[in-house]
Amino acid sequence: MRWRLAFLGALLLPNLGLDPFRGGLGVMLRHPLGTDDLGRDALLRLLLGSARSLGFASACALLALALGLLLAWQGRRWHSALSALRSLPPLLFLLPLAAAAGGLGLLATWVLLGLLAAPHLEPALRTRIETFRQSPAWAAERCLGATWPSILRRWAPWGWQQVAALFPSAWLTALWGEATLSALGLGPGPGQDSLGRLLAEELPRLGSDPSPLGWAALAAVLLLAWTSAPGKT
Amino acid sequence: MDAVTKRLAPGLLVWAFGLALAWGLPGSVWKGATPPPFPWAALFPAALAAGTLALAAPLLAWAGGPGLASRRPLALLEAPPDLLWACLLLTLWPAAWGPPGTLAWLLAFLLAALPGEVRWLSQAMPSEYPFPQAWGQEAVSRVRRTVLLRLWGRWLAARFPIWLTATLVLERVLGLPGLGTDWFTRVALRDRPGLALWVGVLALLWLLAQPGKGEEP
């Protein structure tokens with residue numbers, strides 16, 4: 001979880017400078033993947049875009065988990081309503097919504113992805129919370145009249161562990177959600193470089209023109225998918 | 001009100017709200033765009049894709065058993081997002097063959113969906129150790145068959161929206177009209193009747209995927 005959270009800082013990094021007179025350069029020692037049409041170093045762009053995608057996914061996963069925790073704590077009576085919300089995959093709703101709105105900004109994507117992913121995390125969080133709620137420790141806390149701040153202080157590390165266990169799946173949902181939105185031209189605008197944005201730009205020419213940046217973006221997506229795949233159990 | 005209806009009532013309320021929202025949206029009239037006709041031509045390929053998946057995934061899960069759920073190669077095949085399969089297909093498609101058509105879409109769809117579905121079914125199967133493994137191979141395959149037959153209908157209903165999402169992404173990247181695009185366009189254009197029909201279908205699928213009487217929710 002920590003390495004994923006470390007990428008949050010990438011959201012604050014400035015954009016690369018433009019140099020249109022050095023656009024479209026091929027592979028060379030100074031630019032290992034060449035430059036894009038606006039003269040930005042392709043390798044740097046790939047690294048920055050990937051880091052921003054990972055940072056955005058981390059921010060989104062944190063929001064989804066916070067909302068999921070709230071739903072799991074409060075939503076016992078609304079089990080069936082949450083199951084109805086879960087039956088719609090986040091992207092099935094988000095893609096047409098983004099098209100209707102003419103594309104979504106970074107903040108709107110963050111909020112909507114977090115909101116739509118939260119019901120999917122609720123069952124796993126509820127299972128963990130219910131175990132805690134039925135434990136003697138929780139009964140003791142209530143009998144002894146412990147205050148909320150003191151309960152939070154004691155149980156925050158345990159709560160963090162539970163959240164951390166579900167963080168990778170929430171993170172992947174957010175990562176692929178944003179990448180798909182951006183690759184289809186419905187995500188954050190050109191001001192926010194991301195893996196999806198790189199794919200959207202490079203995909204049309206990949207088939208005809210060997211573009212190192214496009215292939216590298218595809219390889220980055222595949223690498224991220226494979227490193228996040230569950231291991232042999 | 002019996003226990004099942006009582007349990008499902010909040011979910012039905014959510015769908016009723018979705019339906020009301022679909023009807024209450026400002027319609028396409030003021031936007032000056034007419035809703036597209038339903039893509040009847042895409043129904044056969046969609047049925048073929050769903051049919052292939054509905055047969056191939058349970059067959060593979062039956063052959064592999066619950067052990068498949070922890071196989072690393074299957075997890076690696078399942079891990080890439082739908083987007084990557086669509087991009088790879090578009091990139092590797094020989095230009096001389098013209099733009100990728102329905103067959104290419106079907107291939108990409110099966111590549112994107114089949115590993116995940118096999119894993120989903122394998123994970124839902126009960127462990128076979130010590131029984132029915134101790135009773136021999138015939139008992140094992142009989143138990144697998146019974147479990148999969150019981151799961152089949154509900155699995156289809158529960159997974160259809162996931163397949164719709166996969167096909168939507170593939171259709172948008174490959175530029176093919178289909179069921180996913182139809183849902184996409186009706187939301188984007190705020191076509192009230194079409195959208196209400198889609199919400200009704202999704203609600204019905206949700207209802208079909210719910211556990212019945214005497215089953216744990």
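So, the largest cavity: its lining is made up of A:Leu11, A:Arg52, A:Ser53, A:Phe56, A:Leu106, A:Glu178, A:Gln192, A:Asp193 and A:Ser194. Keep in mind that this is a predicted model. How much space lies in that cavity? About 30 Å³. And the structure holds one cavity of 30 Å³ or more.

Which element gives the largest share of the lining? That would be helix H2 of chain A, residues 42–74, with three residues. By class the lining splits into three nonpolar, three polar and three charged residues. You can pick out A:Arg52, A:Glu178 and A:Asp193 among the charged ones.

Okay, on to the pockets. The second largest pocket has about 900 Å³ of space. There are 33 residues lining it, and the closest to its centre are A:Leu85, A:Leu88, A:Phe93, B:Phe17 and B:Leu21. So both chains show up there, A and B.

Where does the rest of the lining come from? On the chain A side, H2, helix H3 (79–86), helix H4 (90–100) and helix H5 (106–133) each supply at least two residues. On the chain B side, H1, helix H7 (179–188) and helix H8 (192–209) each do that too. Which helix gives the most? H1 of chain B, with seven residues.

Now look at the chemistry of that second largest pocket. Its lining counts 30 nonpolar residues, two polar and one charged. Set that beside the largest cavity, with its three nonpolar, three polar and three charged residues.

Next, some helix packing in chain B. Two packed helices are described by the angle between their axes and the distance between the axes. Here the pair is helix H4, residues 82–92, and helix H6, residues 137–174, both of chain B. Their axes sit 9 Å apart, and the packing angle is about 30°. Angles under 35 degrees count as roughly parallel, and H4(B) and H6(B) are therefore roughly parallel to each other. As for handedness, the crossing of H4(B) and H6(B) is right-handed.

Last bit, confidence. The model scores ipTM 0.87 and pTM 0.90. Chain B has an average pLDDT of 88, and 94% of its residues score at least 70. Which element of chain B has the lowest mean pLDDT? Helix H1, residues 3–24, at 86, while helix H2 of chain B, residues 43–64, has the highest at 95. And H1 of chain B is the helix we just met, the one giving seven residues to the second largest pocket.

Key:
Residues are numbered from 1 along each chain as its sequence is written. Chains are lettered from A and ligands numbered from 1 in the order in which they are written. This is a predicted model: local features need pLDDT of at least 70, side-chain atom pairs count only at pLDDT 80 or more; totals for chains, interfaces and linings use all residues. Side-chain values use heavy atoms; hydrogens and water are left out. pLDDT is the predictor's confidence in each residue, from 0 to 100. Helices (H or I, at least four residues) and strands (E, at least two) are DSSP runs, numbered from the N terminus. On a 1 Å grid over the protein atoms alone, a cavity is a set of points where a 1.4 Å probe fits but cannot get out, and a pocket is an open set with protein on both sides within 12 Å along at least five of seven lines; lining residues have an atom within 4 Å of a point. Grid points are joined across faces, edges and corners, and a volume is the space filled by probe spheres set on the points. Ala, Val, Leu, Ile, Met, Phe, Trp, Tyr, Cys and Pro count as nonpolar, Asp, Glu, Lys and Arg as charged, and the others, Gly among them, as polar. Axes are lines fitted to C-alpha atoms, for helices over the stretch in contact, and angles run from 0 to 180 degrees between N-to-C directions. Angles under 35 degrees count as roughly parallel, over 145 as roughly antiparallel, 65 to 115 as roughly perpendicular and the rest as oblique. A crossing is left-handed if the near helix is turned anticlockwise from the far one by less than a right angle, and right-handed if clockwise.
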